[in-house]
Amino acid sequence: MSAKLETLSQNLQKHFGDKLKSLKLALGELTIEVNAAEYLGVMTALRDEGDLHFEEIIDLCGVDYSTYGDGAWQGRRYAAVSHLLSIANNWRLRVRVFAEDDEFPSVDSVMGVWKSVNWFEREAFDLYGIAFVGHDDLRRILTDYGFIGHPFRKDFPISGHVEMRYDPDQARVIYQPVTIEPRENTPRIVREDTFGDTAHG
């Protein structure tokens, strides 16, 4: 671990201690996981504490772990993962929080901490169905207003059930059952680890 990441790791442990469910280093980046109940407080401290000072949130995305590790995952299904940047200290941090309820996943909004997270939280809500409590304008952002379901949940049908088109006779947009014919998808090909290795040619 570099000296810079070591310093960041020590600062995180100093400020949060037992609030950190995990702190891991992988691929040159630190990732922390916190409980949903601690999430908003931790995110606020990550911004405000001088020896952390994460002024910017670069990204927030939803994650569905239902088939993670070829179905071996045993934890909660939905998480929100944020990527933070400290310009002052020149370091980055990934923060993961799992929603406590798989049926109705929700975590606190961090809109009051970083206003720029607005559309990221809306996207995670739209695509994964993760509700961000305290977000003052949590509407769909990518799918149509009448869309039912959340397309990035891995249990969502690939083709959907309805399609929309403009009807010139009625002079408006109408919804109708999908007209796509079911088709056989090309099966995924899994190659051996030694595929293409000239030593085994």
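The exercises below, each with a worked solution, deal with a predicted model.

**Exercise 1. The order of the sheet**

Work out in what order the strands of the open five-stranded sheet lie, and which strands stand at its edges.

Solution. Begin with the order, which reads E1-E2-E5-E4-E3 in an open sheet of five strands with mixed pairing. Next, look at the two ends of that order: strand E1 (20-26) and E3 each have a single partner strand, so one side of each is left without a neighbour in the sheet. From one strand to the next, the twist averages 20 degrees. Finally, take one pairing in detail: E1 and E2 run antiparallel to each other and are joined over six bridges, and within this part of the sheet leucine 20 has valine 34, in E2, as its bridge partner.

**Exercise 2. Two helices against the sheet**

Determine which strands H1 and H2 lie against and how each helix is directed.

Solution. Start with H1, which lies across E1, E2 and E5 and runs at about 180 degrees to E1. Then turn to H2, which packs on the sheet and touches E2, E3, E4 and E5, its direction making about 165 degrees with that of E5. To judge the form of H2, compare its span with expectation: the helix covers residues 36-48, 13 residues in number, and its first and last C-alpha atoms are 19 Å apart, close to the 18 Å expected at 1.5 Å a residue. The residues of H2 that are buried include Ala36, Tyr39, Val42, Met43, Ala45 and Leu46, and among the elements that cover the buried residues of this helix are helix H1 (3-16), strand E2 (29-34) and strand E6 (106-108).

**Exercise 3. A cluster of rings**

Trace the ring pairs that involve tryptophan 73, and decide for each partner whether it is buried or exposed.

Solution. A pair of aromatic rings is described by the distance of the centres and the angle of the planes. The structure holds six aromatic pairs. In one of them, tyrosine 65 and tryptophan 73 are stacked, with 4.8 Å from centre to centre and 25 degrees between the planes. In another, tryptophan 73 and phenylalanine 98 are stacked as well, at 5.8 Å centre to centre and 25 degrees between the planes. This second pair links distant parts of the chain, 25 residues apart, since tryptophan 73 belongs to the loop between helix H3 (68-71) and E4, whereas phenylalanine 98 belongs to strand E5.

For the accessibility step, recall that buried means under 20% relative accessible area. Tyrosine 65, with 9%, is therefore buried, and phenylalanine 98, also with 9%, is buried too, while tryptophan 73, at 27%, counts as partly exposed. Taken together, ring pairs link Tyr65, Tyr68, Trp73 and Phe98 into a cluster.

**Exercise 4. Salt bridges across the sequence**

Explain which parts of the chain are tied together by the salt bridge of aspartate 51 and by that of glutamate 33.

Solution. Side chains of opposite charge can pair when their charged atoms come close. A search of the whole structure finds 10 salt bridges. Aspartate 51 pairs with lysine 14, their closest N and O atoms being 2.6 Å apart. Because aspartate 51 lies in the loop between H2 and E3 and lysine 14 in helix H1, the pair ties together parts that are 37 residues apart in sequence. Aspartate 51 is partly exposed, at 22% relative accessible area, whereas lysine 14 is exposed, at 57%.

Glutamate 33 meets arginine 96 in a salt bridge of 2.8 Å, N to O. Glutamate 33 lies in strand E2 and arginine 96 in strand E5, so here the parts tied together are 63 residues apart in sequence. Both glutamate 33 and arginine 96 are buried, and a network of salt bridges links Lys21, Glu33 and Arg96.

**Exercise 5. Positive phi values**

Locate histidine 53 and alanine 171, and state what sign of phi each has.

Solution. Most residues other than glycine have a negative phi. Histidine 53, although not a glycine, has a positive phi of about 50 degrees; this histidine 53 is found in the loop between H2 and E3 and counts as partly exposed at 28% relative accessibility. Alanine 171, likewise not a glycine, has a positive phi of about 55 degrees. Its place is in the loop between strand E8 (162-167) and strand E9 (172-177), where alanine 171 is exposed, with a relative accessible area of 53%.

Note on methods: Residues are numbered from 1 along each chain as its sequence is written. This is a predicted model: local features need pLDDT of at least 70, side-chain atom pairs count only at pLDDT 80 or more; totals for chains, interfaces and linings use all residues. Side-chain values use heavy atoms; hydrogens and water are left out. Helices (H or I, at least four residues) and strands (E, at least two) are DSSP runs, numbered from the N terminus. The expected span of a helix is 1.5 Å times one less than its number of residues. Buried means under 20% relative accessible area, exposed over 50%, partly exposed in between (1.4 Å probe, protein chains only). Contact means heavy atoms within 4.5 Å. Two strands pair if DSSP finds at least two bridges between them. Axes are lines fitted to C-alpha atoms, for helices over the stretch in contact, and angles run from 0 to 180 degrees between N-to-C directions. Rings of Phe, Tyr and Trp (its six-membered ring) pair if their centres lie within 6.5 Å; planes under 30 degrees apart count as stacked, over 60 as edge-to-face and the rest as tilted. A salt bridge is a side-chain nitrogen of Lys or Arg within 4 Å of a carboxyl oxygen of Asp or Glu.
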